[in-house]
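User: Could you take a close look at one helix of your choice in this model, and then follow the chain outward to what surrounds it? I would enjoy a connected account with the terms spelled out as you go.

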Amino acid sequence: MFGRRNRLQGRTDEQLRLMREAGLLVGRTLELLASELRPGLTTLELDRLAEDFIRSNGGIPNFQLVPGYSHTLCTSVNDEVVHGIPGPRVLEAGDIVSVDCGAEVKGWNGDAAFTAVVGGREAGRPEDLALIDATEAGLYAGIAAMHVGGRLYAVGDAVEASIEAAAERDGRTYGVIDEYVGHGIGTQMHMDPQIPNYAVRETGPKLVDGFTGAIEPMVTLGGIDTKVLADDWTVVTLDGTRAAHWEHSVAVREDGLWILTAVDGGQAALAAAGAAYAPLDVTA
C-alpha cells in the first residue's frame, strides 16, 4: 500500500487554508444537496445543482477532471456502493442515496460524501437507518484515530472496530468493503497513500503535522463482494444488499484535527468522537 521508506507529506499553514476553501465549498455543496433531496428528483438534476453551485462559487468540479468521467457527483442508490453515474433515474421515497462530491479551488482539492434516505428518515427502513448511522459513526471513529506520530492504518482498525460494535449492538450483519479505500488529497483529488477502511497487518507510516487525507468507509447490509456494471463505473453489491458511504477530507495538526469538508470544521463530530478540533485562524 505504501512503502516503508516513504514518509507522509505535510502541508503548510497556507496550503491548509487553501484546502479549507476547497473543502468548505464541497461541504456547502453537500449541505445544499441534502436539503434538495426528495422523491421525484433525478440524480442528474442533483448533479446539475452541484455543478452550478460549485462553479458559481469559484470552484471546479474535480470529478470532471478524472479521465472518462463527465459529472460533478457520483450518486449511488440502494445496492450501488460507489461511483454511480448521475442520469435519468428518478429517486423514490425510501431509496438510500450516497452523494459523493469534490471541488478544486486555486489548485487544491476537497472530497466528501454522505448517505441519506430520500424523503427523510421517516421514509427509511429501520435497517437502512441503522446502516447509515453505523457507517457515519465508523467514519468519525476512523478520523478520531488520527494524530501526529500515530500510524495511518489505525484509521482502518478504528473503522472496523466501530462497525463491528454497531453490528453487535444492532443485531445485524454489516460488511466493510475492502476493494475501495480512502486516499491522500491535496493538489490532486486522489494521491498516495491509500487509506484502508478496515484492519490490516501493517501499521502504516507515521502521521505528520499537516497531513491531509480522505477517509471514506463503505459498508453494506450483507457481504463485501462487489461487481462493476457495464457502464465501467457503478459498483454494486454482489448479493443485492444496500450500501452506505460517508467521507470527509481531514487535516492532521499537532494540536488536533480539522475536518476540511465539514461546514463547521467538524467541531461537534470531533467532540462526540473524543478528538480535539484544531483549525487555523480562518474566518470562513
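Analyst: Happily, and one term first: a residue is called buried when its relative accessible area is under 20%, exposed when it is over 50%, and partly exposed in between, using a 1.4 Å probe and protein chains only. This is a predicted model, so local features are kept only at pLDDT of at least 70 and side-chain atom pairs only at 80 or more, while totals for chains, interfaces and linings use all residues. Residues are numbered from 1 along each chain as its sequence is written, and side-chain values use heavy atoms, with hydrogens and water left out.

My choice is α4, which covers residues 154-170. Helices here are DSSP runs of H or I with at least four residues, strands are runs of E with at least two, and both are numbered from the N terminus. The 17 residues of α4 reach 24 Å from first C-alpha to last, close to the 24 Å expected at 1.5 Å a residue; that expected span is 1.5 Å times one less than the number of residues.

Which residues of α4 are buried? They are Val155, Gly156, Ala158, Val159, Ser162, Ile163, Ala166 and Ala167. As background, an α-helix has 3.6 residues a turn, so residues three or four places apart point the same way. The cover over the buried residues of α4 includes the helix α3 (126-144), together with β5 (175-176), β7 (191-195), β8 (212-215) and β9 (218-220); contact here means heavy atoms within 4.5 Å.

At the end of α4 we meet Asp170, which belongs to the helix. Asp170 counts as partly exposed because its relative accessible area is 23%. Its C-alpha lies 7.3 Å from that of Ala130, although the two are 40 residues apart in sequence. Just after α4, Gly171 takes a positive phi of about 65 degrees.

Ala130 leads us to α3, a helix of 19 residues that reaches 27 Å from its first C-alpha to its last, close to the 27 Å expected at 1.5 Å a residue. Ala130 is among the buried residues of α3, whose list also includes Leu131, Ala134, Gly138 and Ile143.

α3 also takes us to the largest pocket, since α3, α1 (13-36), β4 (108-117) and α5 (267-272) are the elements that give two or more residues to its lining. The search uses a 1 Å grid over the protein atoms alone: a cavity is a set of points where a 1.4 Å probe fits but cannot get out, a pocket is an open set with protein on both sides within 12 Å along at least five of seven lines, and lining residues have an atom within 4 Å of a point. The volume of the largest pocket is about 500 Å³, where grid points are joined across faces, edges and corners and the volume is the space filled by probe spheres set on them. Of its 30 lining residues, Ala34, Phe114, Glu136, Trp246 and His248 lie nearest the centre. β4 gives the most to this lining, with 6 residues. By type, the lining divides into 17 nonpolar, 7 polar and 6 charged residues; Ala, Val, Leu, Ile, Met, Phe, Trp, Tyr, Cys and Pro count as nonpolar, Asp, Glu, Lys and Arg as charged, and the others, Gly among them, as polar.

Back to the cover of α4, where β7 has a detail of its own. Pro193 lies in β7, and a cis peptide bond with omega of about 5 degrees joins Asp192 to Pro193.

The loop between β7 and β8 holds Val200. Val200 counts as buried because its relative accessibility is 18%. Its C-alpha is 7.2 Å from that of Tyr153, 47 residues away in sequence. Gly210 lies in the loop between β7 and β8 as well, and it is buried because its relative accessibility is 0%. The C-alpha atoms of Gly210 and Gln9 are separated by 7.6 Å, with their positions 201 residues apart along the chain. Leaving aside residues up to four places away in sequence, Gly210 touches Gln9, Gly10, Arg11, Leu16 and Val252.
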